[in-house]
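Please look over the model below. The report that follows takes up its charged contacts, its helices and its backbone in turn.

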Amino acid sequence: MSQIEWVEETEQMTDSSLRSKAVLNLESGVSGNSVRSAPQTQIRRLIWKIALATFLLMAIGSATRVMNAGLACPDWPLCYGTLFPGQQMNLQVFLEWFHRLDAALIGISTLALVGLAWWHRRALPTWTPWMATLALGLILFQGVLGGLTVTELLRFDIVTAHLGTALLFFTTLLIMGVWLLPDTLPFKGTGTTGRLPWVSLTAAILVYLQSLSGGLVGSRWALHQCLWGSQLCSVMNTHLAGVVPASVATIAVVVLAWRTPALQASLRQLANVVGGLLVLQVLLGIATFRLHLQVELVTVCHQAVGAALLGTLVCFTVLALRDRQLHRLQSAD
Ligand code: HEM
């Protein structure tokens, strides 16, 4: 049944409670008959593509920083006054140039997402065009911060805000992407998630704050300054101390997920992924620290796995909330 037919059928429903439930299902992205509109599928796929490109862009951004390529293009938005600095091209110029190119493509894709979301708003949950517009606002702000990192010569607070805004943009896309997932997934709301959504939300917030503190360590070269000049050790130690609450909350998600009977398989699998990413992230952090940042790839992986850990916790939280909502709707049947 197409979405339009479903909406028309809903509108012809005489029984007001049936009608309001059908509309409620549409609002919450849960269409009891698991039919997703074609625009919704198109938009969801675009969101996941932008999310993947953003994940890669953050890793390229970290590589640009650890390879000292942040100022490889001395001007902005062009690089050496051109769109393609062929003559000056080397690894550092390429990293900075490609970082900007990918960012521009993500900006244009987000603009298309907003256009599509408002154009098809009748076939989408009402929150979709608003969340898409929020994502556009974040990527525009991110662009301004990107320019300021160059004009303000990599000022640490701007570089850290640049990482923080990138993670917020990434998170916004993931929330939309998971909430718009089709019901073809084994989605029978179990109603067993209990406190899980709030525990994983807390873990996500603590991992986000830990990533910001990591961005401060990186943008101030605090590890170097601490090891060779006993400067900024407090910045480094804050990051080391921040490992504890972020890890405890993340481990609580894994333990609670395993101790929750009849939890949806997809939530249990995601909890395992979260556990694995945390172990990997701490090991990469220790390696980054012990190798004194000499192996750039390790530091870049530390940033990327940190983003993946945050992303997975966000997906877990949204899926757990959807489970709860689905259960409420299905038990109302
Ligand atoms: C939940 C755990 C952790 C998270 C989410 C996390 C996240 C991050 C992030 C996002 C960065 C910035 C990377 C960049 O901008 O390129 C960073 C930097 C850093 N992290 Fe972690 N981290 C964690 C644990 C650790 C641990 C356990 C250690 C060491 C024992 C560590 C040591 C470092 C160091 C030395 C840097 C600075 C890298 C640089 O200067 O380029 N981290 N962290």
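## Salt bridges

In this predicted model, Asp157 and Arg155 form a salt bridge, with their closest N and O atoms 3.0 Å apart. Arg155 also meets the side chain of Glu152 in a salt bridge, at 3.7 Å from N to O. Glu152, Arg155 and Asp157 are thus linked in a network. How exposed are its members? Asp157 is partly exposed, because its relative accessibility of 32% is neither under 20% nor over 50%. Glu152 is partly exposed at 34%. Arg155 is partly exposed at 40%.

The whole structure holds three salt bridges. One of them joins the side chains of Glu96 and Arg100, at 2.9 Å from N to O. Both residues lie in helix H4, four residues apart, or about one turn of the helix. Are they buried or exposed? Glu96 is buried, with a relative accessible area of 6%. Arg100 also counts as buried, at 13%.

## Helix H4 and its surroundings

Helix H4 spans residues 91-119 and includes Phe98. Phe98 is partly exposed, with a relative accessible area of 30%. It contributes to a nonpolar surface patch of about 440 Å². The other members of the patch are Phe94, Leu101, Leu105 and Ile108.

Two packed helices are described by the angle between their axes and the distance between the axes. Helix H3 covers residues 38-66. The axes of H3 and H4 come within 10 Å and cross at roughly 160 degrees. That angle is over 145 degrees, so H3 and H4 are roughly antiparallel to each other. Their crossing is left-handed.

## Backbone in two loops

Most residues other than glycine have a negative phi. Which residues have a positive phi here without being glycine? Tyr80 is one of them, with a phi of about 55 degrees. Tyr80 sits in the loop between H3 and H4. Its relative accessible area is 37%, so Tyr80 is partly exposed.

Ala262 is another, with a positive phi near 55 degrees. Ala262 lies in the loop between helix H9 (233-259) and helix H10 (265-290). At 56% relative accessibility, Ala262 counts as exposed, because the value is over 50%.

## Overall fold

How many helices and strands does the protein have? There are eleven helices and zero strands. Read along the sequence, the pattern is α-α-α-α-α-α-α-α-α-α-α. The protein has 333 residues, and buried residues make up 50% of them.

Technical notes: Residues numbered from 1 in each chain as written. Predicted model: local features only at pLDDT ≥ 70, side-chain atom pairs only at ≥ 80, totals over all residues. Heavy atoms only, no water. Patch = residues over 30% accessible without salt bridge, like charges linked within 9 Å, V, L, I, M, F, W, Y side chains within 5 Å. Areas by Shrake-Rupley, 256 points an atom, 1.4 Å probe, with all protein chains shown as cover. Salt bridge = Lys/Arg side-chain N within 4 Å of Asp/Glu carboxyl O. Helix = DSSP H or I, 4+ residues; strand = E, 2+ residues; numbered from the N terminus. Buried < 20%, exposed > 50% of the residue type's maximum accessible area, 1.4 Å probe, protein only. Axes fitted to C-alpha atoms, helices over the stretch in contact; angles between N-to-C directions. Parallel < 35°, antiparallel > 145°, perpendicular 65-115°, else oblique. Left-handed = near helix turned anticlockwise from the far one by under 90°.
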